[in-house]
Amino acid sequence: MDSVRWISWALTASLLAVGCDDEGAAQTDGAEETDAVGTDAGETSGMPTTTTDPTQGTTPGSAEGGTMPPGTDGEDDTTGDDPSDDDTTAADETTGTDAEPATDPRVPGPEGVDVETFGFVAGDGTSLPLTLYIPQGEGPYPVVVFHHGFQLGPADYASYGQHLASWGYIVVMPQMPGSILSPTTHVTLRGYVQDIVDWAQGGGNIEGGPLDGRADPETLALAGHSLGGKISFLTASADARVDAVFGIDPVDTAGGPGAQPSPDNPSVAPELMPLVVAPIGIVGETVNATGGFGGACAPEAENFAQYFNASVTPAVAIEFLTANHMSFLDNVNCGLACTACPAGTDDPATTRTMTHGYLVAFFEMQLRGRDDYRPYLAGAQTQADVDAGLVSIETANGF
C-alpha cells in the first residue's frame, strides 16, 4: 500500500475510537453490560454481572425457564402427535406435519436470554472482557464464540448474540485488543479464541460459574465478521474441536495497511483452508471489493469468495448483492469505521435479519443434525430472496 494510503489510514485510526464510541457501537463501552467489566468485582471475583433482556423472556410460545427450539429434544409437546409413532420425521417434530417446513430461523426462538459480562483473562495475562448471551433453560447448549470485526466490538453485534441465544445457543463475544496503529497479531488472536474455548469447556462451565454447567463441551462453533471471520477460519484450521464455522463477510487481510502475510499474520485462503475440517457457512458482499477511503474494505482477492473457493468440506456461500461490508452491523452509522466502506443500496435491517436466519439454520443443521433447515440456506425457503435479487447462493463439497 502506498504512503498516501498509509497516511490516510493513520489519520482514520486517530479518530476511529472517538467516532465509533460517540455512536455507542464500536467500542466495548458502547454496551452497558460490557462497560462494567474490569471496573467492578466481576473481573476480580470471576463472577458475572447479569441482566435479563425483557424482549426475549416473553417471546410468544416460550415456557418459563426456557425451552429448546421446537423439535430439538426429540419430543413434540405442542402438536398432540402420538409420541410412540416411530415414523415421525424432523419436520414432524417441528410442525406436527411433514407438509410444513421447519420453524423460520429468522424469527426469535422460544428461549428467554440472560446477558452477562465476565472479566476473562487469557493465558498471557491479557484481559478480554466477554459478553455472554445465555439461554435461560437448563441446557446443555452448544457454544458459539463470535469474534467482532477490526476496530469494532461486541456491542456492534448484540442482535446476533440475542437471536442465537433465543434459539438455544450460548454465545460468547470477546472484546479483542488491538488497533490500526497497534494491531494484535492474528496468531495471538487465534490463541485467545482457543483460550476462550478452553474456558467455556472447562472452568467457565463448572457449577456456579458463568456458564454453570449449561454449555455442551462437545459442541462448538465459531463465527465472526470481517477480521473476526478470518480469525474464526484460522482457529478452525488449527483446532479440531470446532464443529462448524460461519464467516460474515470474512476478509483475509494480513495485519494492517500495506502488510504482507507472515508467520504471525498468515493468509488463510487458500493456503490453510484444506486444514479446516468443519462444515463452512459464509455470507458476503462485493460492493466493497474495490474503492473506499484508504482502500477496499473487502478486497476482491481477499474476500469471502476466496474462503468458499478453497473449502474442502461441505460449504454454502450466500452473497448479498447490494449490501456493503458494514450492512451486517447493528449500527451501520458507527462512525469513521463504517464511513470508510462505501454504502450499498440494501436495507441493512433486512440484511441483518436474513443473516440471523442463515446463522441459525446453519447451526441447526451442523450442530443439531436438523437437515430440515437446509431449505433455509439453499432451497425452497431461500428462493424468494434469490428471485427478489437480494442474494445469490452457491454450495460445494456435498453441502
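**Disulfides and salt bridges in the predicted model**

Good morning. I begin with Cys338, which counts as buried, its relative accessibility being 5%. Please keep in mind throughout that the structure under discussion is a predicted model.

Cys338 is joined to Cys334 by a disulfide, with an S to S distance of 2.2 Å. Its partner Cys334 is likewise buried, at 0% relative accessibility. What is the handedness of this disulfide? The torsion about the S-S bond of Cys334 and Cys338 is about 110°, and the disulfide is therefore right-handed.

How many disulfides does a search of the whole structure find? The answer is two. The other bond is formed by Cys297 and Cys341, whose sulfur atoms lie 2.0 Å apart. Here the S-S torsion is about -110°, so this disulfide is left-handed. Cys297 sits in the loop between β8 and α9 (304-309), whereas Cys341 sits in the loop between α10 (336-339) and α11 (348-368); the pair thus links distant parts of the chain, 44 residues apart. Cys297 and Cys341 are both buried. When the bonded cysteines are counted along the chain, the disulfides follow the pattern 1-4, 2-3.

I turn now to the salt bridges, of which the count is eight. I shall present three pairs and one network.

In the first example, the side chains of Asp252 and Lys230 meet at 3.6 Å, N to O. Which parts of the chain does this pair tie together? Asp252 belongs to the loop between β7 (244-248) and β8 (280-284), and Lys230 to helix α8 (residues 227-236), so the bridge ties together parts that are 22 residues apart in sequence. Asp252 is buried, with a relative accessible area of 6%, and Lys230 is buried as well, at 0%.

The next example joins the side chains of Arg370 and Asp372 in a salt bridge of 2.8 Å, N to O. Arg370 counts as buried at 4% relative accessibility, and Asp372 is buried at 13%.

Are the partners in the third example, Arg374 and Asp371, buried or partly exposed? Arg374 is partly exposed, with a relative accessible area of 25%, and Asp371 also counts as partly exposed, at 44%. The closest N and O atoms of their salt bridge are 2.5 Å apart.

Finally, salt bridges that share partners join Asp198, Asp239 and Arg241 into one network.

To close, the predicted model holds two disulfides and eight salt bridges. Thank you for your attention.

Conventions: Residues are numbered from 1 along each chain as its sequence is written. This is a predicted model: local features need pLDDT of at least 70, side-chain atom pairs count only at pLDDT 80 or more; totals for chains, interfaces and linings use all residues. Side-chain values use heavy atoms; hydrogens and water are left out. A salt bridge is a side-chain nitrogen of Lys or Arg within 4 Å of a carboxyl oxygen of Asp or Glu. Helices (H or I, at least four residues) and strands (E, at least two) are DSSP runs, numbered from the N terminus. Buried means under 20% relative accessible area, exposed over 50%, partly exposed in between (1.4 Å probe, protein chains only). A disulfide is a pair of cysteine sulfur atoms within 2.5 Å.
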